[in-house]
Amino acid sequence: MSACSCCRPASIGKKIVMALSGLVLAGFVLGHMSGNLLMFKGPEAINAYAAWLHANPGMLWGARVVLILSTVAHIWTGVLLTLENRAARAGGPAVEATRRATLSSRTMPYSGVVILAFLVFHLLHYTFRTVALGGQEFGDKVYEMVVAGFSQPAVAGFYIISMILLCLHLSHGISSVFQTLGLRNERWRGRLDAVATAYGWLIALGFISIPLAVLLGCIK
Amino acid sequence: MKLDSKIPAGPVADKWSNHKAKMRLVNPANRRKYHVIVVGSGLAGSAAAASFAEMGYEVSCFCYQDSPRRAHSIAAQGGINAAKNYQNDGDSIRRLFLDTIKGGDYRAREANVYRLAQVSTSIIDQCVAQGVPFAREYGGLLANRSFGGAQVSRTFYARGQTGQQLLLGAYSALSRQIGAGTVKMYTRHEMLDLVLVGGQAKGIVTRDLVTGEIQAWASDVVVLCTGGYGNVFYLSTNAQGCNVTATYRAHRRGAGFANPCYTQIHPTCIPVHGEDQSKLTLMSESLRNDGRVWVPKDKADCTKPASEIPEDRRDYFLERKYPSYGNLAPRDIASRAAKEVCDEGRGVGQVVDGKRLGVYLDFSAAIKRLGEPAIRERYGNLFDMYENITGENAYHQPMRIFPAVHYTMGGLWVDYNLQSNIPGLFVGGEANFSDHGANRLGASALMQGLADGYFVLPYTVTDYLAGVGLTGRPSVEAPEFKAAVKEVQDRTQWFLNNKGNRSARSYHKALGKIVWEKCGMARDKAGLEGAIRDLQALRADFWKNILVVGSGDQLAPELERAGRVADFLDFGIMMCLDALHRDESCGGHFRTEYQDGGEAQRNDDKYAHVAVWAWQGDGQLPVRHTEPLVYEDVQFTTRSYK
Amino acid sequence: MVKEHDNLDSHGEQTLSLRLRVWRQSRGAAGHFEDHALAAVPTSASFLEMMDMLNEQLIKEGKDTFAFDHDCREGICGMCSMTINGMPHGPLPGVTTCQLHMRNFRDGEMITVEPWRAKAFPVIKDLAVNRSAFDKVIQAGGFITVRTGSATEANNTLIPKSVADEAMDAAECIGCGACVASCKNGSAMLFVGAKINHLNILPQGQPERERRTLAMVKTMDDAGFGNCTNYGECQAHCPKSITLDVIAKLNRDYLRARVKEFFSSTGKPRKGGD
Ligand SMILES: Cc1cc2nc3c(=O)[nH]c(=O)nc-3n(C[C@H](O)[C@H](O)[C@H](O)COP(=O)(O)OP(=O)(O)OC[C@H]3O[C@@H](n4cnc5c(N)ncnc54)[C@H](O)[C@@H]3O)c2cc1C
Ligand code: HEM
Ligand code: SF4
Ligand code: FES
């Protein structure tokens, strides 16, 4: 796809960028998820956590810069990989047979795109607060904002579906990181796959528990 | 035909070093002005092409496969011999030399064999340096095994894929040169003629198998390393594309063909299963270390499953006939014994062409003695391969095996320098006749191919080039090239235009049947005479009724096959003729008239010579010449394995 | 797997009647599938022998045969290359097309036969493709530089058995290209990984380790192969069961080579300023 091979990033180079940026994002979602679970401790806990974050702009912006760079790098290499791989396959055989590739591995670009769409929505929703909050102002009241947001079944539903896709993405992605960095072998492959799947579910269930709790009325 | 073997003077052990010291050199600055054509990218060809390029010559290398790495050397399983004596079991250059001469039944050229044994040790050094992953001991030293009944362990191996690993080594050296631009590699190119200018080999004509382009290439010297002609038998352990075309085309241009009747039959192959079979698969000879070979004593038992035949109704014929060697009797002897019992009607397995051609190779005793895990450990991959091909589980029922054509000792005649009787035409590897006499020892073909390619041809070709000088290379516009190209074009067109009705494969099958029956494991005068008549009739029929589908400007497998079968037909006649005129038995050539209770009976007084055939014209019988074999160092003895 | 049926040939062997959809393509033209029926195929025949039978039938009808690559027919040369019912080398794991036997198919079955499909492997005719991209990768660095005659005594370098075995595991690759054909990204990482591993873990391969890795990967990329996304299809279709380990180690070696290159120093000031 790219015009000139000499300035095309090397295949493995792209993979390494993908893996490192993916790792940053995967670490971030774990942190983010843990923070979010403070919802269950009640409004004070999570609002205090949000306030603490905002009181440390250096740390917050440092993290944001790393995250933005990682996201851009991840998406850019992901797009390159996907397009190049499509071209390299030259349409593939008329009859497709799959022996081993998992559903999660075959849907990485799709789960990725949905996550991206979710990300955009999510930022507009809770960070920039420009959509789906019915024009209400919440100020520092994160708890109330989240409850209000997830009280809309459509918003909660999109969130839940996105998190399931994130789970799918991670259950291939995490094990893949080890492979890409050369830290996987036949002996460890099965275990790492299990770890990745577990990690994916941990993240997804952690995140999902919140809208679910809101919808079920456990969090008000 | 002038056959000067050019064996250097002096004691056999000093000949090669004396000769090397006297050979002429080419100035490094001039080397790139010489163009060397190497046809073939097997062990011999790849090794030679890479070495020439390293020396600084401009090299073009040709092969018919899509990559040089696929030459049939890749299929060799067992191992490669070398007189390293790493096992401290009394091996030496001299012993390898003597074993090879004896194994060849005193029909090989002494000086060549000695040189082969001498350079064998450098081959291992070279291959290890290239990264060939030979088997190792825990201490990190190279491992060896004893092979093919040898009394010393001198065989180096890389699992069951020694040929593959050696070829990948040579291919990597060749690839380095291709990458550096010093070798131009032409894959999917088939050599269809040799071009002589002023009586010297100065180039070749090829057909590009992808585009159909027929093209001439001029050079200062031509080196053929195009492998053996085992496929004349149609069914063999050779690859489908193995052919005699390259060497036979050179033969038609005047190169003598030596000892075509010396062919080797390997005893442990998977039997023929049906009419549509295209290939026979070799199973490592090592199986005979633990398997016992038998057939039913009584024909009537042949249709029963092996398990229903009691011990006392089984004939362990190798153990019976050769008590001291038993199941490990040499290849030719074991093969013939199997053929005999099958000819008596005591073969087992499927009936193909009215006969059951198979004998049991039974592991039940070994399994009982050592346990199934031990046998699995030793031969697991072979048992798997057997099951994959036959659908039978050899842990539970005996394997069936039958001999198959495996190697051809005959080839283009060459002198000590590996130069044919055409100046400027050198021949290496299985394509020449040089080192194995009438029978080749296991694990010695790989050794010979690499010896020729790495350690002999680079010296001798250089000497030749220094002699012809720099004025020698003609242009492809020369009339000789134009004429050769036209001939190839005409022949190709003829095939494509002929309105026949019979496929090349069916001719090849018919040819194979005749030579296998009459010029295979056992031969006799009447049979050979009949075979020659039959082959002449088949040949005449071929040139009338061959049907070639496809077009000339694309990949055209039928066209390729037709050309190869045409040459095999002519060659088959020559092979039978050679067998007919060698009124003795020796090595792989067994004339039933000349035996002593089943043992081959040589006639050293009359036949201690190389038979070299000269082409006489289309459809004419070739004429036999001889090169006497003079043994200065060793004495004739009779091979006996009783 | 053969189901019971009454088709027996003259040797009393079971035979199959098959419907075949085979890819037909001339050099430089677009391709299409052609349907053929083939009867009396013995179950003991190999897949390529079945294709031979089809071709002989076509010759009888005066039609062009299907061109396909094959040579050794014993699973070692790496020449045979057919995608059978979507699976490179067919339904039986761990074997090449030439070693696949018809007893693995059912009577009356419809079999689709296609060439390797990948941008880097253009079709030459019918089922034959051009795999010279593999050779180019090897030419870029798949070797240890040692001139003929310059080697030292073989036993001077001790190589632990485990290292030799590991090198051999990787070196068993036959260069068939099934990994590329099976990969949904058309990636050649298994092939390249196998070669790089073979050479990079041996002591003899160390001096050129970084150079080799970078050069081979670059050539691989330039040839138009895709990027690995760790599907694992290649391992599942590789007739020699080469594992993804070779890819992991290739990745590691690549990273290592890049880092070393980045921090390399000549020990002298850089030309053109300091
Ligand atoms: C199944 C099997 C197992 C064996 N096992 C052993 C073993 O364990 N030990 C041992 O020592 N030996 C063994 N041998 C024998 C040994 O492998 C061969 O004799 C040897 O490898 C031949 O090497 P070569 O270089 O002469 O020819 P090959 O490797 O056959 O190469 C021939 C080359 O010539 C090219 N060519 C041929 N014709 C043409 C043409 N017309 N135009 C252009 N190019 C052409 C081909 O493309 C190929 O590149 C075995 C052989 C077989 C068949
Ligand atoms: C929170 C967000 C995300 C996380 C945690 C994440 C994580 C990961 C990880 C760990 C990998 C494996 C890298 C490797 O192959 O070694 C990966 C791969 C990938 N990601 Fe993401 N990702 C995220 C968002 C996205 C987005 C937004 C997209 C696309 C728009 C995307 C597309 C891809 C693609 C195409 C791959 C390649 C598959 C592969 O090479 O195996 N990801 N991701
Ligand atoms: S890695 Fe396996 S599938 Fe790929 S080329 Fe090598 S042998 Fe074939
Ligand atoms: S034809 Fe050689 S591997 Fe299949």
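Here are a few exercises, with worked solutions, on a predicted model of three chains, A, B and C.

**Exercise 1. Sort out which chains touch.**
Task: work out which pair of chains shares the most contacts, and what is found between chain A and chain B.

Solution:
- Step 1. Start with the pairs in contact: there are 2 of them, and chains B and C share the most contacts.
- Step 2. Now look at the remaining pair. Chain A and chain B do not touch, and their nearest C-alpha atoms sit 19 Å apart.
- Step 3. Put it together: chain C is in contact with chain B and also with chain A.

**Exercise 2. Take apart the interface of chain C and chain B.**
Task: find how many residues take part, how much area gets buried, and how many salt bridges cross over.

Solution:
- Step 1. Count residues: chain C brings 76 and chain B brings 78.
- Step 2. Go to area. About 6,400 Å² is buried between the two chains, with carbon and sulfur atoms giving 52% of it.
- Step 3. Ask who loses the most on the chain C side: that's C:Asp71, C:Glu74 and C:Thr148, together 10% of what that side buries.
- Step 4. Check the charges. There are 8 salt bridges across this interface. One pairs B:Arg159 with C:Glu172, and their closest N and O atoms are 2.9 Å apart.

**Exercise 3. Do likewise for chain C and chain A.**
Task: describe this interface by residues, buried area and salt bridges.

Solution:
- Step 1. The contact draws 48 residues from chain C and 38 residues from chain A.
- Step 2. Chain C and chain A bury about 3,600 Å² between them, 50% of it from carbon and sulfur atoms.
- Step 3. On the chain C side, C:Lys184, C:Asn227 and C:Asn230 lose the most area to chain A, together 19% of what that side buries.
- Step 4. The salt bridge count is 2. C:Asp245 and A:Arg189 form a salt bridge, with 3.4 Å between the closest N and O atoms.

**Exercise 4. Describe chain A by itself.**
Task: give the secondary structure of chain A and the box its C-alpha atoms fill.

Solution:
- Step 1. Tally the elements: 8 helices and 0 strands.
- Step 2. Read along the sequence and you get α-α-α-α-α-α-α-α.
- Step 3. Along the principal axes, the C-alpha atoms of chain A fill a box of roughly 55 × 35 × 35 Å.

**Exercise 5. Classify two helix pairs.**
Task: decide how H5(C) is oriented relative to H8(C), then how H6(B) is oriented relative to H12(B).

Solution:
- Step 1. In chain C, take helix H5 (residues 189-200) and helix H8 (residues 245-262): they pack at about 70°, with axes 8 Å apart. That angle makes H5(C) roughly perpendicular to H8(C).
- Step 2. Add the hand: the crossing of H5(C) and H8(C) is left-handed.
- Step 3. See who makes the contact. H5(C) uses residues including C:Leu190, C:Val192 and C:Ile196, while H8(C) uses C:Ile247 and C:Leu250 among others. By class, this contact has 8 nonpolar, 4 polar and 2 charged residues.
- Step 4. Over to chain B: the axes of helix H6 (residues 162-180) and helix H12 (residues 445-468) come within 11 Å and cross at roughly 10°. H6(B) and H12(B) are therefore roughly parallel to each other.
- Step 5. Here B:Thr162, B:Gly163, B:Leu166, B:Gly169 and B:Ala170 of H6(B) meet B:Leu446, B:Leu450 and B:Tyr454 of H12(B). The classes come out as 5 nonpolar, 3 polar and no charged residues.

Definitions and conventions. Residues numbered from 1 in each chain as written. Chains lettered and ligands numbered in written order. Predicted model: local features only at pLDDT ≥ 70, side-chain atom pairs only at ≥ 80, totals over all residues. Heavy atoms only, no water. Axes fitted to C-alpha atoms, helices over the stretch in contact; angles between N-to-C directions. Helix = DSSP H or I, 4+ residues; strand = E, 2+ residues; numbered from the N terminus. Parallel < 35°, antiparallel > 145°, perpendicular 65-115°, else oblique. Left-handed = near helix turned anticlockwise from the far one by under 90°. Contact = heavy atoms within 4.5 Å. Nonpolar A, V, L, I, M, F, W, Y, C, P; charged D, E, K, R; others polar. Buried area = accessible area lost by both parts, 1.4 Å probe. Salt bridge = Lys/Arg side-chain N within 4 Å of Asp/Glu carboxyl O.
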